Amino acid sequence: MDTLPPPSAQTPGAISEGSGCHGGRETMEAAARAAGKSETMDRLAQDYPRGPHDQPQSMCPAFGSLRVGLRMRRVATILSGSACCVYGLTFTSHFYGARRTVGYVPFNSETLVTGKLFEDIRDAVHATAKPEDYDAVIVTNLCVPTASGVPLELLPKSIDGVRIIGIDVPGFGVPTHAEAKDVLSGAMLRYARLEAEAGPVARPRNLVEGERTIALVGELFPADPMGIGALLAPMGLGLAPQTPAREWRDLYAALDAVAVAAVHPFYTASIREFRAAGRPVVGSGPVGLEGTAAWMEAIAKAADVPAAMLDAAKARMLPAIKGALAASPIKARITVSGYEGSELLVARLLSEAGAEVPYVGTACPRTEWSDPDREWLEARGTHVQYRASLEQDVHAMLDAKPDLALGTTPLVQKAKELGIPALYFTNMVSARPLFGPAGAGSMAGIVAAQVGGRERFSRMVSFFDGVGTPDRAGYGFKGKPEEPQGFRDRQKKLRLAKAKAEEAVGT
Ligand code: SF4
(Lines give C-alpha, C1' and ligand atoms only; values in the text may rest on other atoms or scores of the structure.)
Protein backbone atom coordinates (compact mmCIF):
# COMPACT_ATOMS: atom_id res chain seq x y z
CA MET A 1 0.00 0.00 0.00
CA ASP A 2 1.27 3.46 -0.87
CA THR A 3 2.08 5.89 1.87
CA LEU A 4 -0.77 8.05 3.07
CA PRO A 5 -0.06 11.67 3.98
CA PRO A 6 0.12 12.64 7.63
CA PRO A 7 -3.24 14.30 8.46
CA SER A 8 -1.58 17.60 9.39
CA ALA A 9 -0.12 17.92 5.89
CA GLN A 10 -3.50 18.66 4.47
CA THR A 11 -4.95 21.08 6.96
CA PRO A 12 -6.29 23.63 4.53
CA GLY A 13 -6.55 26.65 6.80
CA ALA A 14 -8.32 29.47 5.03
CA ILE A 15 -8.22 27.67 1.68
CA SER A 16 -11.38 26.27 0.18
CA GLU A 17 -12.47 24.95 -3.19
CA GLY A 18 -13.45 28.51 -4.13
CA SER A 19 -10.02 30.02 -3.50
CA GLY A 20 -7.95 30.86 -6.54
CA CYS A 21 -6.17 33.58 -8.48
CA HIS A 22 -8.07 36.21 -6.59
CA GLY A 23 -7.63 34.67 -3.15
CA GLY A 24 -4.47 36.73 -2.56
CA ARG A 25 -0.96 35.46 -3.17
CA GLU A 26 0.24 35.96 0.40
CA THR A 27 -2.74 34.07 1.86
CA MET A 28 -2.29 31.18 -0.54
CA GLU A 29 1.46 31.01 -0.08
CA ALA A 30 1.22 31.15 3.71
CA ALA A 31 -1.33 28.33 3.59
CA ALA A 32 0.92 26.24 1.35
CA ARG A 33 3.87 26.74 3.69
CA ALA A 34 1.76 25.90 6.76
CA ALA A 35 0.60 22.76 4.97
CA GLY A 36 4.14 21.47 4.43
CA LYS A 37 5.02 22.92 1.02
CA SER A 38 7.82 25.24 2.20
CA GLU A 39 10.49 23.36 0.27
CA THR A 40 8.42 23.55 -2.93
CA MET A 41 7.70 27.26 -2.47
CA ASP A 42 11.37 28.01 -1.73
CA ARG A 43 12.48 26.16 -4.84
CA LEU A 44 9.90 27.95 -7.02
CA ALA A 45 10.93 31.33 -5.57
CA GLN A 46 14.57 30.55 -6.30
CA ASP A 47 13.98 29.26 -9.84
CA TYR A 48 11.39 31.86 -10.84
CA PRO A 49 12.07 35.09 -8.92
CA ARG A 50 9.12 37.46 -8.93
CA GLY A 51 9.01 40.82 -10.57
CA PRO A 52 7.16 44.03 -10.00
CA HIS A 53 3.76 42.36 -10.29
CA ASP A 54 2.70 39.85 -7.66
CA GLN A 55 0.23 37.99 -9.87
CA PRO A 56 0.74 36.52 -13.33
CA GLN A 57 -0.46 38.98 -15.97
CA SER A 58 -0.81 36.30 -18.61
CA MET A 59 -2.97 33.19 -18.71
CA CYS A 60 -3.03 30.66 -15.88
CA PRO A 61 0.62 29.53 -15.57
CA ALA A 62 -0.39 25.86 -15.38
CA PHE A 63 -1.30 26.02 -19.05
CA GLY A 64 2.42 25.90 -19.83
CA SER A 65 3.08 22.60 -18.05
CA LEU A 66 -0.25 21.16 -19.20
CA ARG A 67 0.65 21.83 -22.82
CA VAL A 68 4.10 20.26 -22.44
CA GLY A 69 2.59 17.03 -21.10
CA LEU A 70 -0.19 16.95 -23.68
CA ARG A 71 2.27 17.21 -26.54
CA MET A 72 4.14 14.07 -25.44
CA ARG A 73 3.51 10.61 -26.83
CA ARG A 74 2.31 7.98 -24.35
CA VAL A 75 2.06 10.45 -21.48
CA ALA A 76 -1.16 10.87 -19.47
CA THR A 77 -2.10 14.10 -17.75
CA ILE A 78 -4.17 14.47 -14.60
CA LEU A 79 -5.09 17.82 -13.04
CA SER A 80 -6.10 18.43 -9.46
CA GLY A 81 -7.63 21.82 -8.84
CA SER A 82 -10.80 23.86 -8.68
CA ALA A 83 -13.35 23.00 -11.37
CA CYS A 84 -13.26 26.52 -12.81
CA CYS A 85 -9.46 26.35 -13.23
CA VAL A 86 -9.65 22.93 -14.87
CA TYR A 87 -12.45 24.11 -17.15
CA GLY A 88 -10.36 27.07 -18.31
CA LEU A 89 -7.22 24.98 -18.76
CA THR A 90 -8.89 22.17 -20.69
CA PHE A 91 -10.81 24.67 -22.82
CA THR A 92 -7.59 26.45 -23.73
CA SER A 93 -5.69 23.24 -24.39
CA HIS A 94 -8.39 22.00 -26.78
CA PHE A 95 -8.60 25.43 -28.38
CA TYR A 96 -4.92 24.93 -29.19
CA GLY A 97 -5.62 21.51 -30.68
CA ALA A 98 -4.58 19.17 -27.86
CA ARG A 99 -6.84 16.31 -29.07
CA ARG A 100 -5.94 14.42 -25.90
CA THR A 101 -7.80 13.48 -22.75
CA VAL A 102 -7.09 15.57 -19.67
CA GLY A 103 -7.75 13.63 -16.47
CA TYR A 104 -9.35 15.47 -13.57
CA VAL A 105 -9.66 14.58 -9.91
CA PRO A 106 -12.36 16.86 -8.47
CA PHE A 107 -12.56 17.78 -4.80
CA ASN A 108 -14.77 19.56 -2.34
CA SER A 109 -14.08 21.13 1.03
CA GLU A 110 -14.53 17.81 2.79
CA THR A 111 -12.16 15.75 0.62
CA LEU A 112 -9.66 18.59 0.86
CA VAL A 113 -9.84 18.77 4.66
CA THR A 114 -9.82 15.04 5.36
CA GLY A 115 -7.04 14.07 2.98
CA LYS A 116 -9.44 12.04 0.84
CA LEU A 117 -8.35 14.10 -2.16
CA PHE A 118 -4.89 12.55 -1.99
CA GLU A 119 -6.46 9.09 -1.90
CA ASP A 120 -8.64 9.99 -4.90
CA ILE A 121 -5.56 11.17 -6.82
CA ARG A 122 -3.70 8.00 -5.92
CA ASP A 123 -6.64 5.87 -7.11
CA ALA A 124 -6.79 7.85 -10.38
CA VAL A 125 -3.07 7.31 -10.91
CA HIS A 126 -3.41 3.55 -10.33
CA ALA A 127 -6.35 3.40 -12.75
CA THR A 128 -4.45 5.34 -15.43
CA ALA A 129 -0.94 3.88 -15.20
CA LYS A 130 -1.27 1.04 -17.72
CA PRO A 131 2.09 0.18 -19.32
CA GLU A 132 0.41 -0.81 -22.59
CA ASP A 133 -0.88 2.79 -22.88
CA TYR A 134 1.59 5.05 -21.13
CA ASP A 135 5.27 5.63 -20.34
CA ALA A 136 4.44 8.24 -17.71
CA VAL A 137 1.55 9.86 -15.84
CA ILE A 138 1.83 13.54 -14.92
CA VAL A 139 -0.20 14.77 -11.95
CA THR A 140 -0.42 18.52 -11.44
CA ASN A 141 -1.50 20.27 -8.28
CA LEU A 142 -3.07 23.63 -9.20
CA CYS A 143 -3.44 26.51 -6.72
CA VAL A 144 -5.83 25.14 -4.11
CA PRO A 145 -4.35 21.64 -3.73
CA THR A 146 -0.85 23.18 -3.54
CA ALA A 147 -2.01 25.67 -0.90
CA SER A 148 -3.61 22.78 0.96
CA GLY A 149 -0.42 20.73 0.93
CA VAL A 150 -1.70 17.76 -1.11
CA PRO A 151 1.55 15.73 -1.01
CA LEU A 152 2.10 14.45 -4.54
CA GLU A 153 5.61 13.41 -3.51
CA LEU A 154 4.00 10.54 -1.60
CA LEU A 155 2.58 9.01 -4.78
CA PRO A 156 4.40 5.85 -5.93
CA LYS A 157 7.37 6.69 -8.15
CA SER A 158 6.25 4.12 -10.72
CA ILE A 159 3.44 1.62 -11.23
CA ASP A 160 4.12 -1.43 -13.41
CA GLY A 161 6.95 0.50 -15.07
CA VAL A 162 4.85 3.63 -15.71
CA ARG A 163 6.61 6.65 -14.23
CA ILE A 164 4.54 8.88 -11.96
CA ILE A 165 5.54 12.55 -11.90
CA GLY A 166 3.79 14.90 -9.45
CA ILE A 167 4.32 18.65 -9.79
CA ASP A 168 2.98 21.73 -8.01
CA VAL A 169 2.23 24.59 -10.41
CA PRO A 170 0.50 27.26 -8.35
CA GLY A 171 -0.20 30.68 -9.82
CA PHE A 172 1.14 32.14 -6.56
CA GLY A 173 4.56 30.52 -7.11
CA VAL A 174 5.10 30.30 -10.87
CA PRO A 175 4.83 33.77 -12.45
CA THR A 176 4.34 32.87 -16.14
CA HIS A 177 3.08 29.97 -18.22
CA ALA A 178 6.48 29.95 -19.92
CA GLU A 179 8.18 29.04 -16.65
CA ALA A 180 5.56 26.38 -15.91
CA LYS A 181 6.85 24.55 -19.01
CA ASP A 182 10.18 24.39 -17.21
CA VAL A 183 8.59 23.02 -14.01
CA LEU A 184 7.44 19.89 -15.87
CA SER A 185 10.42 19.65 -18.23
CA GLY A 186 12.81 19.89 -15.28
CA ALA A 187 10.90 17.25 -13.29
CA MET A 188 10.96 14.83 -16.23
CA LEU A 189 14.63 15.45 -17.01
CA ARG A 190 15.45 14.79 -13.38
CA TYR A 191 13.55 11.49 -13.39
CA ALA A 192 15.18 10.43 -16.68
CA ARG A 193 18.66 11.44 -15.50
CA LEU A 194 18.33 9.35 -12.34
CA GLU A 195 17.09 6.41 -14.45
CA ALA A 196 20.07 6.72 -16.82
CA GLU A 197 22.47 6.95 -13.90
CA ALA A 198 20.95 3.81 -12.33
CA GLY A 199 21.33 1.54 -15.36
CA PRO A 200 20.46 0.91 -19.03
CA VAL A 201 17.48 2.81 -20.46
CA ALA A 202 15.35 2.54 -23.62
CA ARG A 203 17.14 3.40 -26.86
CA PRO A 204 16.06 6.83 -28.21
CA ARG A 205 14.10 6.49 -31.47
CA ASN A 206 16.35 8.34 -33.94
CA LEU A 207 19.67 7.77 -32.23
CA VAL A 208 22.65 7.92 -34.59
CA GLU A 209 25.40 5.88 -32.97
CA GLY A 210 28.49 7.99 -32.22
CA GLU A 211 26.95 11.31 -33.35
CA ARG A 212 27.90 14.32 -31.25
CA THR A 213 24.77 16.37 -30.64
CA ILE A 214 23.57 19.70 -29.24
CA ALA A 215 20.35 19.73 -27.18
CA LEU A 216 18.09 22.75 -27.83
CA VAL A 217 16.04 24.12 -24.95
CA GLY A 218 12.83 25.97 -25.82
CA GLU A 219 9.63 25.49 -27.82
CA LEU A 220 10.69 26.64 -31.29
CA PHE A 221 8.94 27.37 -34.56
CA PRO A 222 8.94 23.99 -36.41
CA ALA A 223 11.44 25.06 -39.11
CA ASP A 224 13.89 26.54 -36.60
CA PRO A 225 15.51 23.27 -35.44
CA MET A 226 16.20 22.45 -39.10
CA GLY A 227 17.81 25.87 -39.60
CA ILE A 228 19.93 25.37 -36.48
CA GLY A 229 20.81 21.85 -37.66
CA ALA A 230 22.16 23.37 -40.87
CA LEU A 231 24.44 25.64 -38.81
CA LEU A 232 25.67 22.73 -36.69
CA ALA A 233 26.29 20.18 -39.46
CA PRO A 234 29.46 21.81 -40.86
CA MET A 235 30.84 21.75 -37.31
CA GLY A 236 30.36 17.97 -37.21
CA LEU A 237 27.43 18.27 -34.78
CA GLY A 238 23.88 16.95 -34.91
CA LEU A 239 20.69 17.89 -33.08
CA ALA A 240 19.52 16.04 -29.98
CA PRO A 241 15.75 15.97 -29.28
CA GLN A 242 14.47 19.29 -27.99
CA THR A 243 13.39 20.20 -24.48
CA PRO A 244 10.40 20.17 -23.85
CA ALA A 245 10.53 16.63 -25.20
CA ARG A 246 7.91 14.89 -27.36
CA GLU A 247 8.54 11.39 -26.05
CA TRP A 248 9.95 9.95 -22.85
CA ARG A 249 13.01 8.29 -24.43
CA ASP A 250 13.92 11.64 -26.06
CA LEU A 251 14.87 12.78 -22.58
CA TYR A 252 17.76 10.29 -22.48
CA ALA A 253 19.01 11.46 -25.88
CA ALA A 254 18.82 15.12 -24.82
CA LEU A 255 20.77 14.39 -21.64
CA ASP A 256 23.36 12.54 -23.75
CA ALA A 257 24.16 15.65 -25.88
CA VAL A 258 27.71 17.05 -25.74
CA ALA A 259 26.37 20.54 -24.97
CA VAL A 260 23.10 22.37 -24.43
CA ALA A 261 21.82 25.48 -26.23
CA ALA A 262 19.49 27.39 -23.91
CA VAL A 263 17.78 29.18 -26.81
CA HIS A 264 14.92 30.15 -24.52
CA PRO A 265 16.65 31.44 -21.42
CA PHE A 266 14.13 30.72 -18.65
CA TYR A 267 14.42 26.91 -18.30
CA THR A 268 16.21 27.09 -14.95
CA ALA A 269 15.15 23.69 -13.57
CA SER A 270 15.86 21.90 -16.86
CA ILE A 271 19.31 23.45 -17.12
CA ARG A 272 20.01 22.37 -13.55
CA GLU A 273 19.46 18.77 -14.71
CA PHE A 274 21.65 19.17 -17.79
CA ARG A 275 24.40 20.59 -15.63
CA ALA A 276 23.99 17.75 -13.14
CA ALA A 277 24.57 15.43 -16.13
CA GLY A 278 27.81 17.34 -16.82
CA ARG A 279 26.68 19.19 -19.96
CA PRO A 280 27.98 22.71 -20.69
CA VAL A 281 25.25 25.26 -21.45
CA VAL A 282 25.37 28.04 -24.06
CA GLY A 283 23.01 31.04 -23.93
CA SER A 284 21.52 33.31 -26.63
CA GLY A 285 20.65 31.94 -30.10
CA PRO A 286 21.74 32.19 -33.74
CA VAL A 287 19.85 35.38 -34.68
CA GLY A 288 21.10 37.85 -37.28
CA LEU A 289 24.69 38.00 -38.47
CA GLU A 290 26.58 38.97 -35.30
CA GLY A 291 24.28 36.86 -33.15
CA THR A 292 24.79 33.76 -35.28
CA ALA A 293 28.56 34.20 -35.45
CA ALA A 294 28.81 34.63 -31.66
CA TRP A 295 26.51 31.66 -31.04
CA MET A 296 28.48 29.37 -33.36
CA GLU A 297 31.69 30.35 -31.59
CA ALA A 298 30.15 29.62 -28.17
CA ILE A 299 28.84 26.24 -29.35
CA ALA A 300 32.21 25.35 -30.87
CA LYS A 301 33.92 26.18 -27.58
CA ALA A 302 31.42 24.17 -25.50
CA ALA A 303 31.58 21.17 -27.86
CA ASP A 304 35.35 21.24 -28.51
CA VAL A 305 35.03 21.87 -32.24
CA PRO A 306 38.43 22.53 -33.89
CA ALA A 307 38.99 26.17 -34.91
CA ALA A 308 39.45 25.29 -38.60
CA MET A 309 36.09 23.50 -38.64
CA LEU A 310 34.38 26.47 -36.98
CA ASP A 311 35.93 28.89 -39.47
CA ALA A 312 34.80 26.75 -42.39
CA ALA A 313 31.26 26.53 -40.96
CA LYS A 314 31.08 30.30 -40.49
CA ALA A 315 32.41 30.91 -44.00
CA ARG A 316 29.68 28.64 -45.33
CA MET A 317 26.70 29.91 -43.32
CA LEU A 318 27.24 33.60 -42.52
CA PRO A 319 27.21 35.01 -46.09
CA ALA A 320 23.69 33.62 -46.58
CA ILE A 321 22.50 35.45 -43.44
CA LYS A 322 24.26 38.64 -44.48
CA GLY A 323 22.58 38.41 -47.88
CA ALA A 324 19.13 37.79 -46.38
CA LEU A 325 19.46 40.77 -44.04
CA ALA A 326 20.67 43.03 -46.85
CA ALA A 327 17.80 41.91 -49.08
CA SER A 328 15.15 42.59 -46.42
CA PRO A 329 16.19 45.66 -44.42
CA ILE A 330 13.81 46.95 -41.75
CA LYS A 331 13.45 50.71 -41.43
CA ALA A 332 11.20 51.35 -38.47
CA ARG A 333 11.15 52.19 -34.79
CA ILE A 334 9.78 49.14 -32.97
CA THR A 335 9.01 48.32 -29.33
CA VAL A 336 8.95 44.64 -28.36
CA SER A 337 7.18 43.02 -25.43
CA GLY A 338 5.83 39.57 -24.66
CA TYR A 339 5.73 36.62 -22.27
CA GLU A 340 7.21 33.86 -24.45
CA GLY A 341 10.84 34.31 -23.36
CA SER A 342 12.19 34.90 -26.89
CA GLU A 343 11.66 38.69 -26.80
CA LEU A 344 15.34 39.63 -26.57
CA LEU A 345 16.20 37.39 -29.52
CA VAL A 346 13.43 38.99 -31.62
CA ALA A 347 14.60 42.47 -30.63
CA ARG A 348 18.16 41.56 -31.58
CA LEU A 349 17.09 40.18 -34.95
CA LEU A 350 15.07 43.34 -35.69
CA SER A 351 17.97 45.50 -34.65
CA GLU A 352 20.43 43.54 -36.81
CA ALA A 353 18.01 43.98 -39.74
CA GLY A 354 18.19 47.76 -39.32
CA ALA A 355 15.26 48.54 -37.01
CA GLU A 356 15.54 50.98 -34.13
CA VAL A 357 14.45 49.13 -30.97
CA PRO A 358 14.21 51.53 -28.01
CA TYR A 359 12.52 49.05 -25.64
CA VAL A 360 12.18 45.32 -25.10
CA GLY A 361 10.13 43.96 -22.21
CA THR A 362 9.78 40.32 -21.24
CA ALA A 363 7.61 38.78 -18.54
CA CYS A 364 10.40 36.26 -17.94
CA PRO A 365 13.17 36.82 -15.39
CA ARG A 366 16.76 37.77 -16.06
CA THR A 367 19.05 34.76 -16.30
CA GLU A 368 22.66 34.29 -17.35
CA TRP A 369 21.53 32.68 -20.65
CA SER A 370 20.07 35.92 -22.02
CA ASP A 371 23.05 38.02 -20.87
CA PRO A 372 24.76 38.07 -24.31
CA ASP A 373 21.57 39.46 -25.90
CA ARG A 374 20.94 41.94 -23.09
CA GLU A 375 24.50 43.26 -23.31
CA TRP A 376 24.31 43.49 -27.11
CA LEU A 377 20.98 45.35 -27.00
CA GLU A 378 21.97 47.69 -24.17
CA ALA A 379 25.16 48.62 -26.03
CA ARG A 380 22.88 49.85 -28.82
CA GLY A 381 20.70 51.94 -26.54
CA THR A 382 17.81 49.50 -26.06
CA HIS A 383 16.16 49.49 -22.64
CA VAL A 384 15.78 45.85 -21.55
CA GLN A 385 13.06 45.22 -18.95
CA TYR A 386 12.86 41.79 -17.35
CA ARG A 387 9.68 40.76 -15.52
CA ALA A 388 8.03 43.64 -17.33
CA SER A 389 4.49 44.42 -16.23
CA LEU A 390 1.80 45.40 -18.72
CA GLU A 391 1.92 48.91 -17.28
CA GLN A 392 5.65 49.18 -18.01
CA ASP A 393 5.17 47.90 -21.56
CA VAL A 394 2.36 50.39 -22.22
CA HIS A 395 4.31 53.25 -20.67
CA ALA A 396 7.35 52.40 -22.83
CA MET A 397 5.19 52.33 -25.96
CA LEU A 398 3.65 55.72 -25.14
CA ASP A 399 7.07 57.14 -24.43
CA ALA A 400 8.85 55.68 -27.48
CA LYS A 401 6.09 56.45 -29.99
CA PRO A 402 7.07 53.53 -32.24
CA ASP A 403 6.11 52.89 -35.86
CA LEU A 404 5.16 49.39 -34.74
CA ALA A 405 4.52 47.83 -31.32
CA LEU A 406 4.94 44.08 -30.84
CA GLY A 407 3.25 42.88 -27.70
CA THR A 408 0.61 41.01 -25.76
CA THR A 409 -3.13 41.29 -26.47
CA PRO A 410 -3.86 44.19 -24.08
CA LEU A 411 -0.84 46.11 -25.32
CA VAL A 412 -1.86 45.61 -28.94
CA GLN A 413 -5.38 46.76 -28.05
CA LYS A 414 -4.03 49.90 -26.41
CA ALA A 415 -1.75 50.59 -29.40
CA LYS A 416 -4.61 50.25 -31.87
CA GLU A 417 -6.78 52.61 -29.82
CA LEU A 418 -4.02 55.15 -30.26
CA GLY A 419 -3.60 54.46 -33.99
CA ILE A 420 -0.20 52.80 -33.55
CA PRO A 421 0.28 49.73 -35.77
CA ALA A 422 0.72 46.70 -33.54
CA LEU A 423 1.21 42.95 -33.78
CA TYR A 424 0.43 40.20 -31.30
CA PHE A 425 3.77 38.68 -30.33
CA THR A 426 2.64 35.10 -29.65
CA ASN A 427 0.69 34.42 -32.84
CA MET A 428 2.41 36.68 -35.33
CA VAL A 429 6.03 36.90 -34.23
CA SER A 430 6.92 33.73 -32.37
CA ALA A 431 5.12 31.72 -35.07
CA ARG A 432 7.84 32.58 -37.59
CA PRO A 433 11.39 31.33 -38.13
CA LEU A 434 13.84 33.30 -36.06
CA PHE A 435 17.20 31.61 -36.55
CA GLY A 436 19.79 31.36 -39.29
CA PRO A 437 19.17 32.54 -42.88
CA ALA A 438 15.40 31.85 -42.71
CA GLY A 439 15.01 34.05 -39.63
CA ALA A 440 17.04 36.87 -41.14
CA GLY A 441 14.45 37.53 -43.84
CA SER A 442 11.27 36.51 -42.03
CA MET A 443 10.34 39.73 -40.23
CA ALA A 444 10.84 42.35 -42.91
CA GLY A 445 7.65 41.70 -44.88
CA ILE A 446 5.29 41.73 -41.95
CA VAL A 447 6.91 44.82 -40.41
CA ALA A 448 6.69 46.73 -43.72
CA ALA A 449 3.01 45.74 -44.18
CA GLN A 450 2.07 46.92 -40.69
CA VAL A 451 4.08 50.12 -40.73
CA GLY A 452 2.64 50.94 -44.16
CA GLY A 453 -0.87 50.66 -42.68
CA ARG A 454 -0.37 53.48 -40.20
CA GLU A 455 -2.46 55.94 -42.15
CA ARG A 456 -5.33 53.43 -42.20
CA PHE A 457 -5.10 53.16 -38.42
CA SER A 458 -5.36 56.95 -38.06
CA ARG A 459 -8.47 56.96 -40.26
CA MET A 460 -10.01 54.20 -38.17
CA VAL A 461 -9.30 56.06 -34.94
CA SER A 462 -11.00 59.22 -36.21
CA PHE A 463 -13.91 57.21 -37.70
CA PHE A 464 -14.59 55.39 -34.42
CA ASP A 465 -13.81 58.38 -32.20
CA GLY A 466 -15.84 58.10 -28.98
CA VAL A 467 -17.42 54.76 -29.88
CA GLY A 468 -17.13 52.01 -27.31
CA THR A 469 -14.96 54.04 -24.98
CA PRO A 470 -15.54 54.17 -21.25
CA ASP A 471 -17.53 54.72 -19.27
CA ARG A 472 -20.89 54.74 -21.02
CA ALA A 473 -20.13 52.13 -23.66
CA GLY A 474 -22.20 48.97 -24.09
CA TYR A 475 -25.05 47.26 -25.85
CA GLY A 476 -28.78 47.66 -25.39
CA PHE A 477 -29.15 51.44 -25.28
CA LYS A 478 -31.39 53.26 -27.72
CA GLY A 479 -29.70 56.58 -27.21
CA LYS A 480 -26.55 57.70 -25.48
CA PRO A 481 -26.80 56.47 -21.87
CA GLU A 482 -27.18 59.36 -19.42
CA GLU A 483 -26.01 59.06 -15.84
CA PRO A 484 -28.33 60.03 -12.98
CA GLN A 485 -28.07 63.68 -12.02
CA GLY A 486 -25.49 64.33 -9.32
CA PHE A 487 -24.16 60.78 -9.49
CA ARG A 488 -20.51 61.71 -9.93
CA ASP A 489 -20.61 64.31 -7.13
CA ARG A 490 -22.19 61.84 -4.73
CA GLN A 491 -19.58 59.19 -5.57
CA LYS A 492 -16.76 61.69 -5.15
CA LYS A 493 -18.03 62.69 -1.71
CA LEU A 494 -18.36 59.04 -0.67
CA ARG A 495 -14.81 58.31 -1.79
CA LEU A 496 -13.46 61.32 0.10
CA ALA A 497 -15.35 60.33 3.25
CA LYS A 498 -14.02 56.78 3.03
CA ALA A 499 -10.44 57.97 2.54
CA LYS A 500 -10.81 60.30 5.55
CA ALA A 501 -12.17 57.49 7.72
CA GLU A 502 -9.27 55.20 6.72
CA GLU A 503 -6.79 57.98 7.46
CA ALA A 504 -8.31 58.45 10.91
CA VAL A 505 -7.94 54.72 11.66
CA GLY A 506 -4.34 54.85 10.45
CA THR A 507 -3.41 57.59 12.95
S1 SF4 B 1 -4.80 27.27 -11.10
FE2 SF4 B 1 -4.59 28.99 -12.52
S3 SF4 B 1 -6.71 29.68 -12.88
FE4 SF4 B 1 -6.71 28.40 -11.04
S5 SF4 B 1 -6.48 29.80 -9.33
FE6 SF4 B 1 -4.43 29.11 -9.89
S7 SF4 B 1 -3.64 30.63 -11.34
FE8 SF4 B 1 -5.86 30.92 -11.20
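This tour moves through a parallel sheet, a pocket and one buried proline of a predicted model.

**The sheet**

Begin by selecting strands β10 to β14. These five strands form an open sheet, arranged in the order β12-β11-β10-β13-β14, and their pairing is parallel. At the edges lie β12 (383–385) and β14 (422–424), each of which pairs on one side only. From one strand to the next, the twist averages 10°.

Next, select helix α13, residues 343–352. Helix α13 packs on the sheet and touches β10, β11 (356–362), β12 and β13. The direction of α13 makes about 175° with that of β11.

**Strand β13 and its neighbours**

Now select residues 404–407, which constitute strand β13. On one side, β13 pairs with β10 (residues 333–338) in the parallel sense, over three bridges. Display I334 to locate one of the residue pairs: the bridge partner of I334 in β13 is L404.

Turn then to β14, which runs parallel to β13 and is joined to β13 by three bridges. Here L406 has L423 of β14 as its bridge partner.

Show the side chains of β13. In a regular strand, side chains alternate between the two faces of the sheet. In β13, L404 and L406 point one way, whereas A405 and G407 point the other way. All four of these residues are buried.

To follow the chain between the two strands, add helix α16, residues 409–417, to the selection. Together, β13, α16 and β14 make a right-handed β-α-β unit.

**The second largest pocket**

Leave the sheet and select T40, G166, I167, A187 and R190. Of the 28 residues lining the second largest pocket, these are the closest to its centre. The space in the second largest pocket amounts to about 1000 Å³. For a wider view, colour α1 (25–47), β5 (162–168), α7 (177–198) and α10 (268–276), the elements that give two or more residues to the lining of this pocket.

**Proline 225**

The last stop is P225, located in helix α8, residues 224–232. Is P225 buried or exposed? P225 counts as buried because its relative accessibility is 14%, which is under the 20% limit for a buried residue.

Display L216, L220, L239 and Q242 around P225. With neighbours within four places in sequence left aside, these are the residues in contact with P225. Finally, select G436, which lies 211 residues from P225 along the chain. The C-alpha atoms of P225 and G436 are separated by 9.9 Å.

Terms used. Residues numbered from 1 in each chain as written. Predicted model: local features only at pLDDT ≥ 70, side-chain atom pairs only at ≥ 80, totals over all residues. Heavy atoms only, no water. Pairing = 2+ DSSP bridges. Helix = DSSP H or I, 4+ residues; strand = E, 2+ residues; numbered from the N terminus. Axes fitted to C-alpha atoms, helices over the stretch in contact; angles between N-to-C directions. Contact = heavy atoms within 4.5 Å. Buried < 20%, exposed > 50% of the residue type's maximum accessible area, 1.4 Å probe, protein only. Right-handed = clockwise from strand over helix to strand, strands pointing away. 1 Å grid on protein atoms, 1.4 Å probe; cavity = no way out; pocket = protein on both sides within 12 Å on 5 of 7 lines; lining within 4 Å. Points joined across faces, edges and corners; volume = space filled by probe spheres on them.
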